[in-house]
Amino acid sequence: MATGRLHSIETFGAVDGPGIRTVFFLQGCPARCAYCHNPDTWNPAGGQEITVEEVVRRAKRGRPYYGANGGVTFSGGEPLLQGEFVLEAVRALKREGISSAIDTSGTYFDDMSEKVIDAADMLLLDIKHIDPKKFRELTGREQSPLFRLIEVINRLDKPIWIRQVIVPGFNDDEQYIYSLNEFLRKIRSVKKIELLGYHNMAENKYDRMGLRYRLQGVRPMNRNRLQQLSSLTQIV
Ligand code: SF4
């Protein structure tokens, strides 16, 4: 049976998908987002080992709280980096009647990814940036995995929630939101678009890890402005 590498577990998660959820933050990410809150998830060999049985055991503890919509979310890091493990875990949870969401960054896609998406009940996608150059600048990755992901989501007709971090001076203008709406027309089953305001609370973590924080000096996103921009998002 496949084992995975785990960063941490959050119980009673209320923001990573519908309802109350147990969130497994998996270790390893190929991206290097400038605003990443969890650079300690980057190393695929870090964290601790976890088995599928342990995932199921921990997930079952939350079952009384899941209700009709809750369940498990696999986040990261980038969960698609551990496709074989996540696929087994999602299937094992399904046998227990627990639904799963995959929270992906669209920066990684391999031969296992389609199977994982097919087995999961829904996806959360952090869209990063719609412009290829800015995407690369922000994440250090190309957009090609994102487009492979979109093609598969459409083919499998998987429900998806879109999340977009808004960073002052980078994508905090109306025009960006209009372009984002247009871009999201490419994805058939978008159920929700959520704009998240950039904050700089991770900066100390970078210092402690001896990493350079690329957004030094960028102020946290103003809440009113974020609300204004959120009111412009559109699900087609
Ligand atoms: S994809 Fe997520 S975990 Fe990876 S670097 Fe970006 S924000 Fe961090």
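Two strands are said to pair if DSSP finds at least two bridges between them. In this predicted model, strand S6 (residues 122-126) and strand S7 (residues 160-166) pair in the parallel sense over 4 bridges, and within this pairing Leu 124 stands opposite Trp 161 in S7. Strand S5 (residues 100-104) likewise pairs with S6 in the parallel sense, over 4 bridges, with Leu 123 of S6 as the bridge partner of Ile 102. Between S5 and S6 the chain passes through helix H4 (residues 113-119), and the resulting β-α-β crossover is right-handed.

The surroundings of S6 were then considered. Because 5 of the 5 residues of S6 are buried, this strand is largely enclosed by the rest of the structure. Met 122, Leu 124 and Asp 126 point one way from S6, whereas Leu 123 and Leu 125 point the other way. Such a pattern can be read against a general rule: in a regular strand the side chains alternate between the two faces of the sheet.

In soluble globular proteins, nonpolar side chains tend to be buried together. Here the largest nonpolar core holds 53 residues, of which Phe 24, Phe 74, Ile 102, Ile 162 and Ile 187 touch the most other members. Helix H3 (residues 83-95) supplies the largest share of this core, namely 7 residues. Apart from this core lies another, of 16 residues, which includes Cys 33, Tyr 198, Tyr 206 and Tyr 213. When neighbours within four places in sequence are left aside, the residues in contact with Phe 24 include Leu 6, Ile 9, Ile 50, Val 55, Val 72 and Phe 74, and also Ser 8, Arg 58 and Thr 73.

Conventions. Residues numbered from 1 in each chain as written. Predicted model: local features only at pLDDT ≥ 70, side-chain atom pairs only at ≥ 80, totals over all residues. Heavy atoms only, no water. Core = buried A, V, L, I, M, F, W, Y, C linked by side-chain atoms within 4.5 Å. Buried < 20%, exposed > 50% of the residue type's maximum accessible area, 1.4 Å probe, protein only. Helix = DSSP H or I, 4+ residues; strand = E, 2+ residues; numbered from the N terminus. Contact = heavy atoms within 4.5 Å. Right-handed = clockwise from strand over helix to strand, strands pointing away.
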